[in-house]
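Trainee: Got a minute to walk me through this one? I'd like to start with the basics and then jump around a bit.

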Amino acid sequence: STWRVSGQIDGVAHARVELRDPAAAVVASTAVDDAGRFSLQASSKAPGHVLFSLRVLDDAGARIDEFPVPLITVESEPLRVLLLAGAPDPELKYLRRWASDAGIVIDSRVALTEGVALTEGVTTLDASALQKADIAIVDERSWAALDAPRRALLVSAVGDGLGLVLRVTGPIDTGVASEWAALGFATRASDAPTSVSLAHALGTGDATRRFTRRAIEVDSGDAAPLLRADDGSALALWRARGQGRIALWWLADSWTLATTGDAAVFATLWGDTLGTLARARAASDHAENVDARVGERVSLCGVAAGDVVENAQGERTPLVIDRASSEDCAGYWPSKAGWHTWISGDVRHPVYVRSATEALALERADAARATRALIGGPTGSSAASTRATPMPRWPFFLAWLPLIAALWWIERRAIRR
């Protein structure tokens, strides 16, 4: 999967930013824009925790700043996908190959000719199979080949939480179009240009590469965009139905990413798609990323009795739950930098602790944001903010006191005369 790191550089004109892997090899680099912003990406290939580094260079290539970027990669829970296709095509080929490499369990039926199909796994479309599946991918030809009871069973399973991708691979006949319209996607043929760019949407930066969308227009008032071309046109939409989600996908050739050296982008595209649509699961048991620093309090929530934190030297600190916290939070003050491990039963959560002198620019920026939030100013800008405050009253009292004293003295003197 692809992950991204972004930020903003202040005070360095024409700066460049490099992302380096644990072996110090440059995996991505870019020049900052006019506002000093940057965004870099790399791919995660194995579970675990490692340290990347972010290096800032000036226009002459001299290093200005550098600090570690901790990356925690967790292993995804395997999905079970039911794949029905009316004919083989390149998109299907590379989608199946990626799913197999990603550890996804596939039950597929791909029609080859009349009465002949290539099957893998359990392809019986019954209530039991649909209950076990996390997501189903169906094209217009395989949808038309299903009888009415099986289509009704599939739609009912979506209401119970199954994800469903309706993949457009060619012309949609009237019957299928009518049934898909009942699911919230009204389609019709279109003569709009079919060549689109996905450089911004996929983060490839190559605006010359073109992709193909099917020649259709889709009306779906309550659908959310799943994928947009760089010109803003939708290439996939999804909407909720009961406890599940249904998507319509009419990008024709995302498979070209896998054949032109962008296999990680292809994996991220389909991984994000399936992650958005698949049957909802319980929350994962890994800890959220924690920004920790030596000598500063770290709040860990979801703590159970007996949990401890172990530092790199093997020293353990028991976590005491704050009973006033509704989320079972505990405070922890790390005394040493490096990777620490929050141990909760059989589960181990890595936590990276920065040294007191590491990434000082980030610490100062965080302090500035916290200060602005405290006084009620904007938190997302480095510009100074002001607010009206009343003047102190003690100068007026000091001015009033001698005046009253003088008037009293004049009055007493007049009385004596």
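Mentor: Sure, residue classes to begin with: Ala, Val, Leu, Ile, Met, Phe, Trp, Tyr, Cys and Pro count as nonpolar, Asp, Glu, Lys and Arg as charged, and the others, Gly among them, as polar. This is a predicted model, where local features need pLDDT of at least 70 and side-chain atom pairs count only at pLDDT 80 or more, while totals for chains, interfaces and linings use all residues. Residues are numbered from 1 along each chain as its sequence is written, and side-chain values use heavy atoms, with hydrogens and water left out.

Trainee: How do the residues of the lining of the largest pocket divide into those classes?

Mentor: That lining has 24 nonpolar, 16 polar and 10 charged residues. On a 1 Å grid over the protein atoms alone, a pocket is an open set of points where a 1.4 Å probe fits, with protein on both sides within 12 Å along at least five of seven lines, and lining residues have an atom within 4 Å of a point.

Trainee: How much space lies in the largest pocket?

Mentor: About 1700 Å³. That volume is the space filled by probe spheres set on the grid points, which are joined across faces, edges and corners. The lining counts 50 residues, and Ser1, Val74, Glu75, Ser76 and Glu77 are the closest to the pocket's centre.

Trainee: Which element gives the largest share of the lining?

Mentor: α8 does, with nine residues. Helices (H or I, at least four residues) and strands (E, at least two) are DSSP runs here, numbered from the N terminus. Elements that each supply at least two lining residues are β1 (2-8), β5 (48-57), β6 (63-73), α1, α8 and β25 (347-354).

Trainee: OK, switching to the core. Which residues touch the most other members of the largest nonpolar core?

Mentor: Trp98, Ile104, Trp249 and Leu274, out of 37 residues. A nonpolar core is a set of buried Ala, Val, Leu, Ile, Met, Phe, Trp, Tyr and Cys residues joined through side-chain atoms within 4.5 Å. Buried means under 20% relative accessible area, exposed over 50%, and partly exposed in between (1.4 Å probe, protein chains only). Among the elements supplying at least two residues each are α1 (90-101), β8 (105-113), β17 (234-241) and α8 (263-277). α8 gives the most to this core, seven residues.

Trainee: What is tryptophan 98 in contact with?

Mentor: Ignoring neighbours within four places in sequence, tryptophan 98 contacts Ile104, Phe266, Ala267, Trp270, Gly271 and Leu274. Contact means heavy atoms within 4.5 Å. Apart from this core lies another one of 29 residues, including Val158, Val176, Trp180 and Trp250.

Trainee: New topic: how many disulfides does a search of the whole structure find?

Mentor: One. Cysteine 301 is joined to cysteine 329, S to S 1.9 Å, where a disulfide is a pair of cysteine sulfur atoms within 2.5 Å. The link is right-handed, with 100 degrees about the S-S bond. Cysteine 301 sits in the loop between β20 (298-300) and β21 (308-310), and cysteine 329 in the loop between β22 (316-318) and β23 (330-332), 28 residues apart.

Trainee: And cysteine 329, is that buried or exposed?

Mentor: Cysteine 329 counts as buried, at 11% relative accessibility. Cysteine 301 is partly exposed, at 35%.

Trainee: What about backbone oddities?

Mentor: Most residues other than glycine have a negative phi. Alanine 24 has a positive phi of about 70 degrees, in the loop between β2 (16-20) and β3 (26-31). Alanine 359 has a positive phi too, about 55 degrees, and is found in the loop between β25 and α9 (360-375).

Trainee: Alanine 359, buried or exposed?

Mentor: Buried, because the relative accessible area of alanine 359 is 7%. Alanine 24 is partly exposed, since its relative accessibility is 44%.

Trainee: Last one: what does valine 69 touch?

Mentor: Valine 69 is in strand β6 and, leaving aside neighbours within four places in sequence, is in contact with Trp3, Val50, Leu51, Phe52, Ser53 and Leu54. Valine 69 is buried, at 11% relative accessible area. The C-alpha atoms of valine 69 and alanine 127 are separated by 46 Å, with their positions 58 residues apart along the chain.
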